[in-house]
Structure formats: structure tokens, C-alpha cells
Amino acid sequence: MEKTSEAFFQDKIDREIRIEPKDWMPEKYRQTLIRQISQHAHSEIIGMLPEGNWITRAPSLRRKAILLAKVQDEAGHGLYLYSAAETLGISRDEMYEQLHSGRAKYSSIFNYPTLSWADIGVIGWLVDGAAIMNQVPLCRSSFGPYARAMVRVCKEESFHQRQGFEILLTLSRGTEAQRSMAQDAINRWWWPSIMMFGPKDDESPNSVQSMKWKIKRFSNDELRQKFIDVTAEQVKVLGFTLPDPNLKWNKARGHYDYGAINWDEFWQVIQGNGPCNKERLEARKKAWEEGEWVRAAASAYTTKKNKRNTTVAA
Amino acid sequence: MNKTQQFNQLLNLADNALIIGHRCSEWCGHGPVLEQDIAISNIALDYIGQARNFYQAAATLINEDPEMLTGFVLPATEDSLAYLRDQREFRNHLITELPNGDWAVTTLRIFLFSAYQYFLYTQLKDSGDLSVNAIAEKALKEVTYHVKWSADWVIRLGDGTEESNRRIRHAVDHLWAYTGELFLQESELQQQWLQKVQLVFEEAGLVIPEKTWMHQGGTSGNHTEHLGFILAEMQFLQRAYPGSQW
Ligand SMILES: [Fe+2]
Ligand SMILES: [Fe+2]
């Protein structure tokens, strides 16, 4: 029986039929999706913090409005994704609990600090850019609610990327101080942003199954290469450089070669030792704990109001 | 109203929106519920937008008549007005610059202030000043929502739990003394505002404080200590890298 369902399920996947929440699915498929979608949702929410840092310091009112709208978009992405995960039978509160207790992960990129205004440009360009590279294929994810959430998310992410690029373009045409501010930010964010695609394929054990289930469509290394190829061209338009002396066009491969990634740093950050892991988690926990009385008040009020309404009706 | 008065009024409208918008934006990423985080960021965005419109109108006015007032960077722009004036030159009401405090102070401040804006913009949209009419009309739509959103919170907190009731009462005690400054001249406005506040307070189980001392000074540039810190943060890049394009 189990085997038949499993075979039937895989057959649907192979024929590109979307899986919907009420459909039968293997428990491991459900768990993998919950893990991936909630991680993704947490990344959106934690990702608000490094950029949120600069809302009050944005250098013009126009930039302030754009940045505020962008960070608000990320909150919206979190919302769509939490909702998509909830269709798999987990509540938002449970997911928060996993985040706050450190059991759930989020994208390690957000554990790096935003030190200058140029970081806001670089995050839009590289971090949202890498996110798009990862997420566009997810619009065809086999799980319906996830795929649909990603369609909405991707539209906004490409705006973010253009805005980030535009910040850098403005800096590149600015003063010497602005140009070095931008180059410095690129130097700091480049390596962490190419780590966003995750470990090398041979060290990414879950990938094979995820590809078979069409939760994932491309391998980490494929996406990373694609991103590097695109970015190596874009940086020329900006007149800046990427901090990798081994970055070279390889005619035979039709791709850019790149230098060795410091995977030790990657695993250290994942394990909680990045420059801002503690602050990020503390900020989220603080918001949640200090919001406790607000949520309690709102639900107490709703209860009272419903009671009053039923009394009136009776 | 002569041009100087008109200019000062525009600055007051713009500064109010910018500074309360700045405070609202501080919540972005730190709200008590994700949906409310989005809501208050949205309100912040509306305010920044209003500030920009009023600053642009003010800039046009002073650029047309640069002799009008001294001490402004010319030609004026929305950014020169927001980023290159010091706190003595800001014309916002004190209530907008107070720290956010908790969610009770935050939402009550937005309620008290946006209710004031609601009636003020209602007047301004039909006033003789064409540059202000259109801005006020658009802003009125936004502010209508701000009033509703914040009034809902004041009621929820007032009629929620014991703790939320205690906190919102404390917020009333704290903020009330900053509401007098909103009505130095316009008394009809004050009546309308008071009625609205009364209505919402009743539903929230709150009482309007007895006559108390009212702080004032914002519109003449005598601010609390808080504004200086807001500006230090907000203006940092423009001050550290003068004359740059961003
Ligand atoms: Fe996002
Ligand atoms: Fe984004």
C-alpha cells in the first residue's frame, strides 16, 4: 500500500503535477519541505535586521523610502513563506520556537554586519541577486504553495537587486570616498554571498533526494557558477572588482573559474560563530518576548468581543 | 498668510511627518507580530512620503524667493531641508520626537497625532494654498487609515488584559502633556480632535486627564533632548560626506 502511494507520488512529480497540501506525500518529503520553507521564512525575517540598521541613517529621503519598502517586502516574504509552511501542518509559533531555540537555521549571510551605506547597495546586488538565482527555479518547485509563494517573492527580489545595483552605480560615479566605501563593501560581502548557495555538491547529502522530488532543480555548484558568471560581468559595469585573484574566464568551460572558498568560515558561521549570530537571534527573541503582552492583549480583546457579540445575539 | 509664514507652515508639516515617520521606522524588524511590523513600516513609509511632498513644496517656495529667509542651503531640496538643518531649526511638534517606548506609547502617540493630522489635513485640502491642497488630500487618505489602525490598538490595549490596560493608561499619562502644543491657535480643530479622542478613549475604557501642564516649544525650535539624537543618526552621512550624491 505504502509503496503504491509512494510510486504514485513519484509518478506525479515526474509528470510535473504539483503536490498540494491535501495530497498524500511521503513523511520525509513533508519534513524536508517544512525544514526548507521555514528556514527560508526565517531568513527573510532575520534578513530584515542588517538592512533595517540603515533605515534611520539612509542618506536621502528617496533612499530611505526605498530601503524601508524593501525591508518591509522581506517581512511580506516571511509571511507568505510561513503561510506556505503552515499548510504542511506546523504553526508559525512552532517555527518561531525552533528559530529562537537555535534548532532552525537561516541563511548564514545575515550573520555578517552592515558597516557602511554601501553595504545596502551590495546586499541588494549580491545577496538579493544570489537569492534570485536560488529562488527562480523554486517557482517550479513540486510543492504548490511553495512554488506560488516563490513567484510573488521573485518579482520583488528582482526590484531589490536593481535598486542595490543602482545604489552602487551612484557610488561608483561619486567621490573617491564613496568609491572606496563601495569597493570595501564588495570585498567584505563577495565570499559570504557565494557561500549562500550552500556546500559543494559532494558535501550536500540532501540534495540528491530533493532533486528527485523536484523541490530543487539545480545543484548548489551549478547555481553558484551561474551567479559568479553573471556577477563577474556586472562588476565591470560598476567599475569595481571582485576580491578573487583567481577569477578568470575559462574559454574551454564557458564559465568563470574562481578561487577556493573558505568552507571553514562557512561552517563556523552555520554553527553560530559568525560576527552577528548572537545579535541577530537576540534581536528576534527580544521582539518576540517584548511582544508577548501585546499579543496576549489582542487575543484577550478578541475573546471578550466575541463573547459580547454572542451575548447580544442570544 | 505671507510667504514666510507659508514656508514655516510647510516646514512644520514636513518636519512632523519626517520625525514621526522616523520613530515608526525604528520598529521595522522589531514589531510584536509580523503583520503589525508590516503595518507600522507602512505607516512610516506614508509619513516619509508626506514629508517629501511638503519639503518639495517648501523648497520651491524658498527657491523662488531666496531673500525670504536666511540660513538655508540654496537651492533648497527635500534633502537639504531634511538633512542640513540643525535641531533649533526643526519645526516639528514635540510629541513626534519622543522615543517609541512600548507598543502602548507607540500606538497611542500615532493615534493622538494622526487624529490631529486628520482634521488638519481636512482643512488644508480646501484651503487657499494650492501647493498644499493636493498634498493634504492625498495624505488624508493615508492618515485616515493611521487613525483607524492606531485607534483599534488603543481600544484593544485598553480593553485587553490587566497589563495592557496598565500600560496604555501609563502611556496616556506620559503623552497627554504633549498634546496641548498641537492647538496653540486653531480651536475648532481642537474641538473636533477632542471629540474623536473622547470617543476612542470611551471605548478603550480610558479617561482624558484633568487639565495638566502642557509642554510646548517644538514649532519655535525648542525641542526635547531626543531630537538631537534623531538628527545625529539621520543626518550622519550627509554631514560626514558633504556635497555627495547618494
Ligand atoms: Fe526576500
Ligand atoms: Fe529581497
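Guide: Let's start with a term: four donors around a metal count as tetrahedral if all angles lie between 85 and 135 degrees, and as square planar if opposite donors are over 155 degrees apart and all others between 65 and 115; anything else is irregular. Keep in mind that this is a predicted model.

Visitor: What arrangement do the four donor atoms make around the iron ion (ligand 2)?
Guide: The protein donors here are Glu74(A), Asp128(A), Glu157(A) and His160(A), sitting 1.9 to 2.3 Å from the ion. Their donor atoms subtend angles of 86 to 152°. Tetrahedral donors need all angles between 85 and 135 degrees, so the range of 86 to 152° makes this arrangement irregular.

Visitor: Which helices hold Asp128(A) and Glu157(A)?
Guide: Both of these residues are buried. They are 29 residues apart in sequence, so the pair ties together separate parts of chain A: Asp128(A) lies in helix α5 and Glu157(A) in helix α6.

Visitor: Okay, which residues coordinate the iron ion (ligand 1)?
Guide: Along the chain, its donors are spaced E-x29-E-x2-H-x79-E. Put names to those letters, with distances of 2.0 to 2.2 Å, and you get Glu44(A), Glu74(A), His77(A) and Glu157(A).

Visitor: How far apart are the iron ion (ligand 1) and the iron ion (ligand 2)?
Guide: Look for Glu74(A), which is buried, as is Glu44(A). Glu74(A) coordinates both ions, and the distance between them is 3.4 Å.

Visitor: Why does the pair Glu44(A) and Glu74(A) tie together parts of the chain, and how many residues apart are they?
Guide: Glu44(A) sits in helix α2 (residues 27-52) and Glu74(A) in helix α3 (residues 61-86). The two belong to separate helices, so the pair ties together parts of chain A whose separation in sequence is 30 residues.

Visitor: At what angle do helix α11 and helix α12 of chain A pack?
Guide: From α11(A) the contact uses Trp288(A), Glu289(A) and Glu290(A), and from α12(A) it uses Glu292(A), Trp293(A), Val294(A) and Arg295(A). Sorted by type, that's three nonpolar, no polar and four charged residues. The axes are 4 Å apart, and the angle is about 35°.

Visitor: Which three residues supply the most area that chain A buries against chain B?
Guide: There are 48 residues of chain A in contact with 48 of chain B. Between them the two chains bury about 3900 Å², with carbon and sulfur atoms giving 69% of that area. On chain A's side, 20% of the buried area, more than from any other three residues, comes from Thr56(A), Leu61(A) and Trp293(A).

Technical notes: Residues are numbered from 1 along each chain as its sequence is written. Chains are lettered from A and ligands numbered from 1 in the order in which they are written. This is a predicted model: local features need pLDDT of at least 70, side-chain atom pairs count only at pLDDT 80 or more; totals for chains, interfaces and linings use all residues. Side-chain values use heavy atoms; hydrogens and water are left out. Donors are N, O and S atoms within 2.8 Å of the metal (3.2 Å for Na, K and Ca); water is not among the atoms, so sites may look incomplete. Four donors count as tetrahedral if all angles lie between 85 and 135 degrees; four count as square planar and six as octahedral if opposite donors are over 155 degrees apart and all others between 65 and 115; anything else is irregular. Buried means under 20% relative accessible area, exposed over 50%, partly exposed in between (1.4 Å probe, protein chains only). Axes are lines fitted to C-alpha atoms, for helices over the stretch in contact, and angles run from 0 to 180 degrees between N-to-C directions. Contact means heavy atoms within 4.5 Å. Ala, Val, Leu, Ile, Met, Phe, Trp, Tyr, Cys and Pro count as nonpolar, Asp, Glu, Lys and Arg as charged, and the others, Gly among them, as polar. Buried area is the accessible area (1.4 Å probe) that two parts lose on being put together, summed over both.
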